[in-house]
Structure formats: structure tokens, C-alpha cells
Amino acid sequence: MARRRGVAAAVAAAATSPALVAAVSLMALVYYYTVFVLLDHWLGLGTTAGAAHAAAFSLLLAACFFSFLCAAAADPGSVPSAFSPDAEDPQGQGLKSRYCDKCCIHKPARTHHCKVCKRCILKMDHHCVWINNCVGYTNYKAFIICVLNATIGSLYSSVIFVCDLLRTEHDFSIHYVKIIHILAGVVLFSLSLTIGSLLCWHIYLICHNMTTIEYREAVRAKWLAKKSGQKYRHRFDQGTRKNIQMIMGPNVFCWLCPTATGHLKDGTEFQNTNN
């Protein structure tokens with residue numbers, strides 16, 4: 001019961017976040033403009049082609065919004081109350097816990113304290129203001145799927161914008177029509193570039209089994225390894241295929257489902273390749 005109240009409180013707090021409200025509002029605005037303005041003007045929603053594009057874009061946005069909600073409402077990963085430094089590292093892999101003075105608990109490997117959430121997050125990647133939540137061990141998959149769907153959606157909308165612009169006539173002598181199209185083009189192409197870059201960045205991190213925090217730490221480690229004539233490899237890197245499966249799951253057909261997280265464990269133990 002206490003856990004349900006905690007989740008409800010988290011959802012209520014997220015709903016009052018200005019950045020989260022802005023993200024949802026932007027989704028709604030892009031959807032309305034793409035379907036009811038661009039598609040209706042280019043193909044017509046009453047045509048077969050127009051209806052098909054509208055249905056495809058609607059499904060894409062629904063998938064994006066659902067994964068967005070999953071990432072925002074889910075607990076990113078709390079340190080289990082049963083975790084003890086005496087029981088850590090059973091295979092002798094040298095993964096030492098640290099003590100958090102703020103939470104007064106021992107932190108497992110890859111766990112960091114979030115100043116915004118004011119608690120320790122398992123395998124913390126970063127705190128995302130757009131979902132008003134940390135991106136951690138539990139909700140990282142939902143976050144990635146949301147970014148993937150948002151990238152595809154923004155690119156899809158940009159293509160429809162270009163097709164409507166080139167294949168139909170517009171009365172740009174009307175001042176507000178020209179301004180609306182310029183602003184819409186800037187927003188759509190900026191979204192495609194920004195979210196697409198974010199997706200490429202996290203694909204790189206997934207393939208190397210890194211978090212954003214660990215990448216920053218690895219920059220110095222790479223420099224030290226290069227200086228000493230050694231080759232650096234991230235200690236949690238299990239190979240591209242296994243790294244992807246650790247995040248998305250072993251079943252390829254469940255990769256795009258943000259709630260398919262049965263492959264996740266408690267998030268306190270990770271295999272170390274640098275034995």
C-alpha cells in the first residue's frame with residue numbers, strides 16, 4: 001500500500017513539472033499540425049493515402065506517449081533495503097560498494113546519488129527534466145524506446161512537411177501563413193536533429209554498456225591507458241550483442257515494449273570483464 005502511495009505521489013509530482021507539461025504539449029502540437037494541417041492539406045484525410053498516413057502517425061505518437069509515461073512514472077531503481085556490503089561481489093570481481101552520506105546507505109556498483117530526486121539511483125544515467133525523473137536501471141529501456149519513437153515521429157513529420165511544401169500550392173503572400181510554415185519547419189527539423197542526436201548517443205552507450213556518468217569517467221581512464229601504452233575497455237562491456245540484450249531483453253520481439261522488463265534483476269550486481 002505504501003509503495004502504491006509512493007508511485008501515486010511520484011506521478012502527481014511529475015504532472016506538475018513545467019518541463020514535462022511542455023513536452024506533452026509539444027507532442028500534442030506536433031500531432032495536430034502534422035495530421036490536421038499538413039496531411040489534410042497535402043493528401044486530404046478523406047483519401048485512402050491520407051487516412052493511412054494519419055493512422056500510422058497516430059500509432060507512432062501513441063507508442064511514443066506510452067513509453068514516455070512509463071519512463072516518467074516508473075521508479076528508476078532504488079537500492080534494495082536488503083543490500084549489504086558483506087554480501088556484495090560474490091565472484092570476487094572487485095566491484096566495491098560506496099557509502100552515501102546523504103542517504104546513509106551503501107551504494108552498489110554503478111549507483112549514484114541524484115541531487116534532484118535526493119536519493120540513490122541504481123545504474124543512474126542522468127536526471128531528465130522532460131520526464132521529471134531519473135533515468136536509471138529500471139526505466140532506461142522505456143526512455144530509449146521513447147527517444148526512438150520520438151525520433152521516427154519527428155522525421156516522419158518533417159518528411160510530410162516537405163512533401164506538403166513542394167507538392168501543393170500555398171499562398172505565402174498572406175503574412176501569417178509564411179510565418180507559421182517557417183516556425184513549423186524550424187521546430188520540426190530542430191526536433192529531428194536534437195532527438196536524433198540523443199538517440200545516436202544512447203545507442204553508442206548501449207553498445208558499450210555505459211551510462212552517461214560512466215562515459216565521463218571513462219574519458220580520463222582512456223587517456224591514462226593511452227599514456228601508459230595500454231588499450232582501454234570499459235569494465236562492464238560484454239560485447240555489443242550481449243550489451244543490447246542486457247537493456248532491451250533477450251527476446252527481439254519484446255524490444256519495443258517498454259513494460260517488458262522481466263529480464264532485469266535487482267540492479268546491484270554486474271559482471272566485470274576486467275578480471
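Of the 275 residues in the protein chain, 40% are buried. Buried means under 20% relative accessible area, exposed means over 50%, and partly exposed lies in between (1.4 Å probe, protein chains only). The chain exposes about 15,700 Å², and carbon and sulfur atoms supply 64% of that area. Accessible areas come from the Shrake-Rupley method with a 1.4 Å probe; for residues, only the protein chains shown count as cover.

This is a predicted model: local features need pLDDT of at least 70, side-chain atom pairs count only at pLDDT 80 or more, and totals for chains, interfaces and linings use all residues. Residues are numbered from 1 along each chain as its sequence is written, and side-chain values use heavy atoms, with hydrogens and water left out.

**Confidence**

The mean pLDDT of the protein chain is 89, and 89% of its residues reach 70 or more. pLDDT is the predictor's confidence in each residue, from 0 to 100. Confidence is lowest in helix H1 (residues 2–15), at a mean of 50, and highest in helix H3 (residues 48–73), at 97. Residues 1–6 have pLDDT below 50, and beyond near neighbours in sequence this stretch has zero contacts in the model. A contact means heavy atoms within 4.5 Å. Residues 90–94 also stay under 50, with seven contacts beyond four places in sequence. Where pLDDT is low, the predicted coordinates should not be read in detail.

**Fold**

The chain has seven helices and six strands. Their pattern along the sequence is α-α-α-β-β-β-β-β-β-α-α-α-α. Helices (H or I, at least four residues) and strands (E, at least two) are DSSP runs, numbered from the N terminus. Among contacts between residues at least 6 apart in sequence, 63% join residues at least 24 apart.

Helix H5 (residues 175–207) has 33 residues and should span 48 Å at 1.5 Å a residue; its end C-alpha atoms are 48 Å apart, which agrees. The expected span is 1.5 Å times one less than the number of residues. Just after H5, Asn-209 takes a positive phi of about 55 degrees.

Positive phi also appears in loops. Lys-123 has phi near 45 degrees and lies between strand E4 (119–121) and strand E5 (126–128). Lys-123 counts as buried, at 10% relative accessibility. Asn-132 has phi of about 50 degrees and sits in the loop between E5 and strand E6 (133–135). Asn-132 is partly exposed, at 29%.

**Salt bridges**

The whole structure holds three salt bridges. Each is a side-chain nitrogen of Lys or Arg within 4 Å of a carboxyl oxygen of Asp or Glu.

| Acid | Base | N to O distance |
|---|---|---|
| Asp-75 | Arg-119 | 3.0 Å |
| Glu-214 | Arg-110 | 2.6 Å |
| Asp-237 | Arg-233 | 3.9 Å |

Asp-75 lies in the loop between H3 and strand E1 (98–100) and Arg-119 in strand E4, so their pair ties together parts 44 residues apart in sequence. Asp-75 is partly exposed, at 37%, and so is Arg-119, at 26%.

Glu-214 in helix H6 (residues 212–227) and Arg-110 in the loop between strand E2 (105–107) and strand E3 (112–114) are 104 residues apart. Both are buried.

Asp-237 is buried, at 11% relative accessible area, whereas Arg-233 is partly exposed, at 44%.

**Surface patch**

Val-162, Leu-165, Leu-166, Phe-172 and Phe-189 form a nonpolar surface patch with about 430 Å² of accessible area together. Helix H4 (residues 140–167) gives the largest share, three residues. Val-162 is found in H4 and is partly exposed, at 31%. Patch residues have over 30% relative accessible area and no salt bridge; like charges are joined within 9 Å, nonpolar side chains (Val, Leu, Ile, Met, Phe, Trp, Tyr) within 5 Å.
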